[in-house]
Structure formats: C-alpha cells, structure tokens
Amino acid sequence: MNELTKDHITEVKSYKNPTQDIAMVMFAVMTLLGHDASWPVCQKVLADPEFTKKLKEDFDKDNVPQKKLTAIERYTKKENFAPEYIKSKSLAAGVLCLWV
C-alpha cells in the first residue's frame with residue numbers, strides 16, 4: 001500500500017472504461033468495503049481523499065465477515081487475479097489486488 005500514490009489513484013479513477021482486469025480488482029475492493037461493484041461507485045470511492053488511509057488504517061482485515069469473503073471469490077478465484085499480472089496493467093490496481 002505504501003507504493004500507492006494519489007497520482008496512481010487518480011489514474012484509475014479517470015478511466016471511463018477500465019479494462020476487465022482493473023474493473024475486476026476494483027469490484028473486489030468495493031465488495032470488501034461494502035459498496036456496490038460498479039464503475040461509477042468505484043470512481044466515487046476513489047475520489048475520497050482518505051481512500052488509502054481507510055484501507056491501511058480503518059479497514060479491519062482480521063474481521064471480514066464470511067459473507068464478504070465468499071462474495072469476493074467470484075473475483076479472486078480467477079486466474080488473472082494475480083498482483084504481478086495486474087500491476088502490468090496498472091500499478092494502483094496491482095497494489096489493490098495484493099491488498100484484497
């Protein structure tokens with residue numbers, strides 16, 4: 001997460017039509033955060049200046065409800081849900097993939 005800069009977040013947020021890989025990672029993040037998995041929601045959440053702080057400091061990664069863990073499996077079980085592969089598409093999405 002320390003690799004993630006405001007510029008990286010802005011880059012992802014600015015995509016009008018992200019690649020399937022980037023969208024997949026962002027939808028997994030939105031699911032964990034309790035938001036709808038849609039691109040407009042992703043853009044709104046990424047616009048929050050506290051987004052990275054919320055992930056690093058506020059999100060309780062040790063107490064994720066089983067329902068959310070099950071819900072993100074539709075993304076995380078895909079072969080291309082791999083941080084290094086995703087990083088080749090977008091550094092920010094790759095870091096977020098690793099976070100998930």
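Helices here are DSSP runs of H or I with at least four residues, numbered from the N terminus. That matters below, since the talk is mostly about which helix supplies what. The model is a predicted one: local features need pLDDT of at least 70, side-chain atom pairs count only at pLDDT 80 or more, and totals for chains, interfaces and linings use all residues. Residues are numbered from 1 along each chain as its sequence is written, and side-chain values use heavy atoms, with hydrogens and water left out.

**The pocket.** A pocket is an open set of points on a 1 Å grid over the protein atoms alone, where a 1.4 Å probe fits, with protein on both sides within 12 Å along at least five of seven lines; lining residues have an atom within 4 Å of a point. The largest one has a volume of about 210 Å³, a volume being the space filled by probe spheres set on points joined across faces, edges and corners. It has 13 lining residues, and Lys6, Ile9, Leu46, Asp48 and Pro49 are the closest to its centre. H1 (6–14) and H4 (51–58) each put at least two residues into that lining, with H1 giving the most, 4 residues.

**The core.** A nonpolar core is a set of buried Ala, Val, Leu, Ile, Met, Phe, Trp, Tyr and Cys residues joined through side-chain atoms within 4.5 Å. The largest has 31 residues, and Val12, Met26, Trp39, Phe51, Phe81 and Leu96 touch the most other members. H2 (20–33) is among the helices that supply at least two residues each, and its 10 residues are the largest share. Take Phe81: leaving out residues up to four places away in sequence, its contacts (heavy atoms within 4.5 Å) include Met24, Tyr75 and Cys97.

**Cysteines and Lys87.** How many disulfides does the structure hold? The count is 0, a disulfide being a pair of cysteine sulfur atoms within 2.5 Å. Cys42 and its closest partner, Cys97, have their sulfurs 14 Å apart, so they are too far for a bond. For the accessibilities below, buried means under 20% relative accessible area, exposed over 50%, and partly exposed in between (1.4 Å probe, protein chains only).

| Residue | Relative accessible area | Class |
|---|---|---|
| Cys42 | 0% | buried |
| Cys97 | 3% | buried |
| Lys87 | 23% | partly exposed |

Lys87 sits in H6 (83–87). Beyond its neighbours within four places in sequence, Lys87 contacts Glu3, Gly94 and Val95. Lys87 and Leu98 are 11 residues apart in sequence, with 9.5 Å from C-alpha to C-alpha.
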